[in-house]
Amino acid sequence: MNRINRGAFHHIDLNVSDLEASRRVYGPVLEFLGYRPVRDEEGCEWDLVDEGHGSSLGLRLCDPALKDHVHRRYAPGLHHLSWRAESREDVDRLHALLLEHDIKVLDPPAHYPQYSGDYYAVFFEDPDGMKLEFVHAPGWI
């Protein structure tokens, strides 16, 4: 029997200004995290399915009239998107993948005790300036 993880995110769709540039960031990262590509028409989408639970992240080309809009992290809207890591070594492996794919790293892997006791993360950015994070924070949600 599949247990529904009530309240968990089902999917996230992001509007992007350049689908190919964004695919070069999200593709390697999501596939590293265990997501599988499921759609590549009028955008692209990756799904993660684990023990009956799932989530999906999709990319859609933004309205051409808004293509020059710049993501502003501190304006209303999404500040950043973060994924869970299994260990500090997992964070370090993603960091190596980011460097290998020339993905912009904002802050290399480090310990951030101000967030929680054992918070270890790498912060990076997509082509539209969206802040992304991969974090190992045992004992915190």
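## A guided tour of the chain

Begin with the charged side chains: the protein chain carries 15 positive and 25 negative charges, and the mean positions of the two sets are 4 Å apart. Lys and Arg are taken as positive and Asp and Glu as negative, while His and the chain ends are not counted; each charge is placed at NZ of Lys, CZ of Arg, CG of Asp or CD of Glu. What is on screen is a predicted model, in which local features need pLDDT of at least 70 and side-chain atom pairs count only at pLDDT 80 or more, whereas totals for chains, interfaces and linings use all residues. Residues are numbered from 1 along each chain as its sequence is written, and side-chain values use heavy atoms, with hydrogens and water left out.

**The whole chain**

Switch to a cartoon view and follow the chain from the N terminus, where the elements run β-α-β-β-β-β-α-β-β-β, which comes to two helices and eight strands. The radius of gyration is 16 Å, close to the 14 Å that the globule rule gives for 141 residues, so the chain is as compact as a globular protein of that length. Helices (H or I, at least four residues) and strands (E, at least two) are DSSP runs numbered from the N terminus, and the radius is taken over C-alpha atoms, the globule rule being 2.2 Å times the number of residues to the power 0.38. Along the principal axes, the C-alpha atoms fill a box of roughly 45 × 40 × 30 Å.

Now turn on the surface, of which the protein chain exposes about 9100 Å², with carbon and sulfur atoms supplying 52% of that area. Accessible areas come from the Shrake-Rupley method with a 1.4 Å probe, and for residues only the protein chains shown count as cover. Of the 141 residues, 40% count as buried, where buried means under 20% relative accessible area, exposed over 50%, and partly exposed in between (1.4 Å probe, protein chains only). Among contacts (heavy atoms within 4.5 Å) between residues at least 6 apart in sequence, 52% join residues at least 24 apart.

**Into the core**

Select Tyr-26, Leu-59 and Trp-83, which touch the most other members of the largest nonpolar core, a set of 27 residues. Such a core consists of buried Ala, Val, Leu, Ile, Met, Phe, Trp, Tyr and Cys residues joined through side-chain atoms within 4.5 Å. Among the elements that give two or more residues to this core are β1 (11-16), α1 (19-32), β3 (44-50), β4 (53-61) and α2 (88-100), and α1 gives the most, with five residues.

Center the view on Trp-83 and, leaving out residues up to four places away in sequence, display its contacts, which include Tyr-26, Leu-30, Leu-57, Phe-124 and Phe-134. A second, separate core has six residues, among them Tyr-119, Ala-121, Phe-123 and Ala-137.

**From β7 to α2**

Next select Val-122 in strand β7, which counts as buried at 0% relative accessibility. Beyond four places in sequence, the residues that Val-122 touches include Val-91, Leu-94, His-95, Val-105 and Pro-108. Measure with the viewer from Val-122 to Glu-133: these residues are 11 apart in sequence and 5.7 Å apart in space, C-alpha to C-alpha.

Move from Val-122 to its contact His-95, which has its place in helix α2 and is buried, with a relative accessible area of 17%. Apart from residues up to four places away in sequence, His-95 touches Val-105, Pro-108, Pro-109 and Val-122.

**Arg-39 on β2**

Go on to Arg-39 in strand β2, where the relative accessible area of 38% makes this residue partly exposed. With neighbours within four places in sequence set aside, Arg-39 is in contact with Cys-44, Glu-45 and Arg-60. The C-alpha atoms of Arg-39 and Gly-58 are 8.7 Å apart, although the two residues are 19 places apart in sequence.

**Loops to finish**

Select Glu-42 in the loop between β2 (36-39) and β3; its phi is near 55°, a positive value in a residue other than glycine, and Glu-42 is exposed, with a relative accessible area of 81%. In the loop between α2 and β6 (105-111), select Asp-102, for which phi is also near 55° and which counts as exposed at 72% relative accessibility.

The last stop is Leu-66, in the loop between β4 and β5, which is exposed with a relative accessible area of 54%. Leu-66 and Leu-97 are 31 residues apart along the chain, and their C-alpha atoms are separated by 31 Å.
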